[in-house]
Structure formats: structure tokens, C-alpha cells
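Let's take a walk through a protein model, one piece at a time. Keep the picture open while you read.

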Protein chains: 2
Amino acid sequence: MSHANAMRRSLVLKRRPDGEPGPDDFQMVETPLPQPGHGEVLTRTIWLSIDPYMRGRLYDRPSYAPAQQLGETMTGETVGEVIASADPAFQPGDYVVGSRGWETHSLSRAGTLTKLPPGGAHLSAYLGVLGMPGTTAYSGMLDIGQPKAGETVVISAASGAVGAVAGQIARRAGARVVGVAGGPEKCLWVQEALGFDGCIDHRAHDVATALREACPDGIDVYWENVGGAVQAAAFGQLNFFARVVMCGMVAQYNDAKPPPGPTLGFVVGKRVRIEGLIVFDKPHRYAEWRALAAPWVADGSLRYRETISEGLDSAPEALAAVLTGGNFGKMLVRVGPERI
Amino acid sequence: MSHANAMRRSLVLKRRPDGEPGPDDFQMVETPLPQPGHGEVLTRTIWLSIDPYMRGRLYDRPSYAPAQQLGETMTGETVGEVIASADPAFQPGDYVVGSRGWETHSLSRAGTLTKLPPGGAHLSAYLGVLGMPGTTAYSGMLDIGQPKAGETVVISAASGAVGAVAGQIARRAGARVVGVAGGPEKCLWVQEALGFDGCIDHRAHDVATALREACPDGIDVYWENVGGAVQAAAFGQLNFFARVVMCGMVAQYNDAKPPPGPTLGFVVGKRVRIEGLIVFDKPHRYAEWRALAAPWVADGSLRYRETISEGLDSAPEALAAVLTGGNFGKMLVRVGPERI
């Protein structure tokens, strides 16, 4: 192999950044180029993807991505060219996408690489529109947002790798799509090139006011990429049965501690689902539950307790009681006798 | 009819309560007993259900329940006995459940009433365990909470009409169930009679500390009935992929204005779904999206934009840029040329 004496350059994490990450938090290390063992593939890196989620890995705490260890090469997705292969599925000259890192050359298990089709899209697209960010947009709209024709969809960080695709998917579904982005250049591109129905420059306008004007019918789907003031404004204008895709809260990633007050950052990392329930929406469940539970009530295995307030006149006090825990179990007013 | 000269007593809303509702907010009105017209049924009220959601109707603002109008009879679910019917489906002596109000007699369209089976459960059960609160618990666990065997489920207001049933359903699913209730008597009942695996008295203990002790494996399903400090404690201990059933936030119902800081009260009333998304959980979506979107990229109908940072050494600055909006579209580092 002609690469036998070549060196590999890798950026390793030197210290955990305090706030915004910078060059001094990393160190360039040179090591001899590794050779692939059985089932391994050596690639040279062409494109390295930089994504906001990487900030979370720099904290020494559990996250959905494992914490980056000090002294180890920073991880990240790459597109590379195979330069040596000890696996029959890959040949030198193949272009592949995989998860390796901030390094000029990567040694990978063959099973972790995806070969890119010759004559396909531009290589870098496999890290963006056709890669992880694009798939994030697709999955989020398909699995959570589910925009319908005529609905209003708001996309924060609308010119970003995820937001731009998410909004275009929603437009294909027939939704009205309004973006939020930082600066006139991004907003212009979101409207002109992406064809969004509107885009709000959060640096130039009060987002709540601008959203109310841009979304006169309220918001049915909100795509959360940023958190903070944009989130507060969007949450305040959600419609009944709105869906919020919690994809990221980049506005807070540089803060080691969460901002004061409740924050929903955990919803992203923990993939929590928080959903409002009003049983009046599900009339079919009433008879279903009665049929299921009546035998359990009859055999005593489903327990319940009642607090009985006597006489119609006592209804207001009974209502006051259920609001302060003054009842024990189901609160009822006995208005009349069962038999007369 | 022997009821021709009888009177009906009704509690009408006199003024909107400021804080806790009381007797002075309502007025008792006597009117002649109505007679059923074609397709109508006259019932005498036996049981009137008192539920926390009623507080929301007393505000003059849109809610999932229509605002209660001043001077009109307060609405509520009742069990009654038919005393006159102008519909062939109902006969005097039938027991029925329906949505009418705070009144001794109700005139209803026959189609709004459900006849109760003779020899069934105690009549009041059809307003509680077998009625709206029981169905709420059933629907919330079936449609949102979905507890699995071995998971940990936390139920706030655990001795209440909804919480008691929700917890018992979760136990039948094989989950470990911990309640939160106010006072030792309720907690004892929740553990002894309902068979919950534990119950925390939020008046006697710091809920966060007690929850950590009672839920050493974290919380997989949190049933929200109360909001406030209990919510904050439970949210802090949610597991990955946890589900939160937002059923009510009774701790805040007497407050005309929401408490300071973000609050999730709107999630209940608006049935909002807020869900965390990490695309790494959905590996099957990658190839699906590439197959779908590659033609759109090829024909130019799916637009994207890239910001390219030159050389591996620039990766730290590139990461700093995506965290502050310094990029425009997908951020990439060009580590090497596409062809050498």
C-alpha cells in the first residue's frame, strides 16, 4: 500500500469547553496511518459533518449521545473514500458515509459504512439533505409532526440543515409553512429559494407579534430547534391538537446549567412524549371501558372510593373541595334518593 | 302526570368566582317542572358528579369545555331516574346517566342519555369508576401512557377518581406503581386498598427526594393531575422514552393567571403533543428518506444550502458557528478533496 508511511491527523478533546467551544479545547495529534484488519476498511476523510448536537457530547454527563472522552478523537459523521479494505464489500475508490470522527483517515468496521451510489447526489449531500439532518426532518414530520393540508407549520432555525428540509416536507404535505431564522439573508433564502410562505427574522422582530401576524389561524405543528424566546412565542400560539417536534434547543447548548425556571430540554434528549388528554375527544372509550371494568367492579378487584356531599345546595362547596384535595376519591352530590 | 305542579330547583352561576369558588357565586332558582316534548325525557337527579375540570368553565375564556354562561344552570354529569318520557326508548323508572347539570330535575334529548343496566354496579359508580373519570384513566393509559410490565408509573392525585383507576390499570399491566397524595389517610388507602407499590404524602415530604427513593429505576410513565412542585419533581426523574399523560393541573385551577415562568397548562386543554426526537432511534428511516428524497435533490425541487469550512483544523470554529447561527444551512468541514 502506498499509504504505509503516511500519517493520520486527528483532533482530540483536550479539555471540556466552558461556554462556546474553541480551538484551544482540542489538540491535533499525528499518528501513523493504521492498516485495516479483517473486516475493516480504511478511508480518507473528504467531508466532516458539524452538527449542533455535538455540543452535548462535550459535557461530562449522560446525554443521548455518549459523552466525548478527554484525549480521544472527537466523533462525527463523515463521507470518505476507501483507500484500503480488508472486507470484500468495499474496494479502494468506493465513496462511503459513516460515523467516525474529526480525523483525516478513519478505520471502520465494514458494517458501519454505507456505500454511496456512483452518479448520485453531490457527496456532501449525504451528510445533509440526504443524511442525518434530512432524515431527522423526515422522521420528525412523519412520526410526530404529521402536517396536514391547510395546517400551519412553524419551523425554527428554518435555514438550517434540518429546518430547511422539515419545512419543504411540510409544504409537500400541503401545509402553510412559516420559518423563523436569524437575519435578513437567511429569511430571504427561506422564502425565495425554499418557498416558505413566510419567514420571521427573530433578530429584527418581536417573535410573538410577528408570529401572530404570520399565523392568523394559529400554529398546528411547531418544529423546535432553538428553545428560549422563540419557543415561548410559538407555544403561546399553538392550536388545539397541535404537535411539537422537540428536535433541539440550540439556544441553550452552550449553557452548562439550564436557564432559570422550567425548561423542556430534557424532552429532546430523553425522547419524552408529553400529551394532553381530554376524554371528551374519545367517546368510543366510554362503552369500551364500562364493558371491561364492570366485572372488575363487581368482583371487587377494581377499588374506588367516594366522598358524598348531601343536597344540591352543597354543590359549590363540593367543587371547592375537589380543587384543594378536600375530597377523598370521587366527589359526588346526592341530589335525591335512589328510590322514592 | 303527578309532577305537573312540582317545581325544579337549579343552581345558576351568579358571578365568576375570584379564586376558590363558593356558595355566593351561585344562586338557587325555582321554576316549574318542565314536561318532555317529542323525543325528550324528564329525569329527577339522584347523583351529581363534581369534577375539577368544572373550575375551568367558570372563567370567561375559551377552554376545552365551553365557558359557563352567567345566569344559566351550571353543567355537570348526573345519574337520574326517568319520571316522564316522550321517547319510546325510555320508560319511567329507568336509571340513566347523562350530561345535564346542577338541578333537581333535567329535561334531556333522549339521544344524550345512556340507560343503566338493571342489577349493574351501584348507580354512583357510573359517574366515577365506570364513568368519565374511569374512562379518562383508561383512555390515558391506553392511548398515551402505555405502561409495560416492569416499568415504573407515578400517579399524582393518586386517591382521586382518575388517579385511583389509572394506577390500578397500570398495575394490571404489570408496572410498578407509585402514587402521590395529600395526607397519611389517603396514602394508606392508596397502598393498602389499591395495592400501589408506594405512595408519597406530598404534604409531609419533599416530593423530589421521596420520589427518588420510591423510584430507584426512574419514572417511565407520569400521570399529571396536579402540576406545580409535584410536576417539577416527576419531570426531573423521567426516564428515556418516558410518557407524560397531561390530564390536569388542579394545583393551578383557582389561579386566574398562570404562575410566573413557563407552564404547561395549555398542553392539557389544547391536547398538545410534545415529543422528543432523536433520529438515531430510527435507523430504518435513513434509507427510506434517501430513496424518497434523492430524486427531489436530483431534479432540484428539494433545496438545500451548505456552509463549508476549509480544513480539519477549522472544525472547532465550525462547531462554535453552528451553535450561534454563524452557519447558513448545513455546516461541513472539507477535510480532503473529493478526488486525488
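## A helix under cover

What covers the buried residues of α3(B)? Since this is a predicted model, the answer comes from computed contacts. The cover includes β15 (330-334) of chain A, along with α2 (132-145), β8 (152-156), β9 and β11 (219-224) of chain B. So how many of the twelve residues of α3(B) are buried? Ten of them are, and the helix is mostly covered. They are Ala161(B), Val162(B), Gly163(B), Ala164(B), Val165(B), Ala166(B), Gly167(B), Gln168(B), Ile169(B) and Ala170(B).

Helix α3 of chain B takes in residues 161-172. From its first C-alpha to its last, the helix reaches 17 Å, close to the 16 Å expected at 1.5 Å a residue. After α3(B) comes Gly174(B), which has a positive phi near 90°.

## A buried tyrosine

Now look for Tyr138(B), which sits in helix α2 of chain B. Is Tyr138(B) buried or exposed? Tyr138(B) counts as buried because it has 23 C-beta neighbours inside 10 Å, and the cut-off for buried is 20 or more.

Who are the contacts of Tyr138(B)? Skip its neighbours within four places in sequence, and you find Arg285(A), Trp289(A) and Ile169(B). Ile169(B) should ring a bell: it is one of the buried residues of α3(B). Gly183(B) is another story, as it is 45 residues from Tyr138(B) in sequence and 26 Å away in space, C-alpha to C-alpha.

## One sheet, two chains

Next up is the sheet. Twelve strands make up this open sheet, and their pairing is mixed. Reading across, the order is β10(A)-β9(A)-β8(A)-β11(A)-β12(A)-β13(B)-β13(A)-β12(B)-β11(B)-β8(B)-β9(B)-β10(B). Why is one side of each edge strand left without a neighbour in the sheet? The edges are β10 (198-201) of chain A and β10 (198-201) of chain B, and each has a single partner strand, so one side of each stays free of a neighbour in the sheet. On average, neighbouring strands here are turned by 15° against each other, direction ignored.

Zoom in on one place where the chains pair up. Strand β12 (residues 238-246) of chain A and strand β13 (residues 273-276) of chain B pair in the parallel sense, over four bridges. Arg243(A) has Arg273(B) as its bridge partner in β13(B). Another pairing between the chains runs antiparallel: strand β3 (residues 40-50) of chain A meets strand β15 (residues 330-334) of chain B, again through four bridges. Here, Ser49(A) has Leu332(B) as its bridge partner.

## Helices on the sheet

In chain A, helix α4 (residues 184-192) lies across β9 (176-181) and β10, and it runs at about 170° to β10(A). Chain B has its own helix α4 (residues 184-192), which packs on the sheet, touches β9 (176-181) and β10 of chain B, and makes about 170° with the direction of β10(B).

In the loop between α4 and β10 of chain A you'll find Ala193(A). Ala193(A) counts as partly exposed because it has 13 C-beta neighbours inside 10 Å. The C-alpha atoms of Ala193(A) and Gly140(A) are 22 Å apart, with their positions 53 residues apart along the chain.

## How the copies fit

Lay chain B on chain A with a turn of 180° and a shift of 0.0 Å along the axis, and the RMSD is 0.1 Å. The two copies are thus related as by a two-fold rotation axis. Which residue of chain B comes closest to the rotation axis? That's Ile274(B), with its C-alpha at 2.5 Å.

In the interface, 118 residues of chain B are in contact with 118 residues of chain A. The side of chain B that touches chain A has 70 nonpolar, 24 polar and 24 charged residues. The copies meet through the same surface, because 100% of the interface residues of chain B are also interface residues in chain A.

## Two loop residues with positive phi

Gln146(A) isn't a glycine, yet its phi is positive, at about 45°. Gln146(A) lies in the loop between α2 (132-145) and β8 (152-156) of chain A. With 16 other C-beta atoms within 10 Å, Gln146(A) is partly exposed.

Arg271(A) isn't a glycine either, and its positive phi is about 50°. Look for Arg271(A) in the loop between α7 (265-269) and β13 (273-276) of chain A. Arg271(A) is partly exposed too, with 19 other C-beta atoms within 10 Å.

Definitions and conventions
Residues are numbered from 1 along each chain as its sequence is written. Chains are lettered from A and ligands numbered from 1 in the order in which they are written. This is a predicted model: local features need pLDDT of at least 70, side-chain atom pairs count only at pLDDT 80 or more; totals for chains, interfaces and linings use all residues. Two strands pair if DSSP finds at least two bridges between them. Axes are lines fitted to C-alpha atoms, for helices over the stretch in contact, and angles run from 0 to 180 degrees between N-to-C directions. Two residues are in contact if their C-beta atoms, placed from the backbone, lie within 7 Å. The expected span of a helix is 1.5 Å times one less than its number of residues. Ala, Val, Leu, Ile, Met, Phe, Trp, Tyr, Cys and Pro count as nonpolar, Asp, Glu, Lys and Arg as charged, and the others, Gly among them, as polar. Copies are superposed by least squares on the C-alpha atoms of residues with pLDDT of at least 70 in both.
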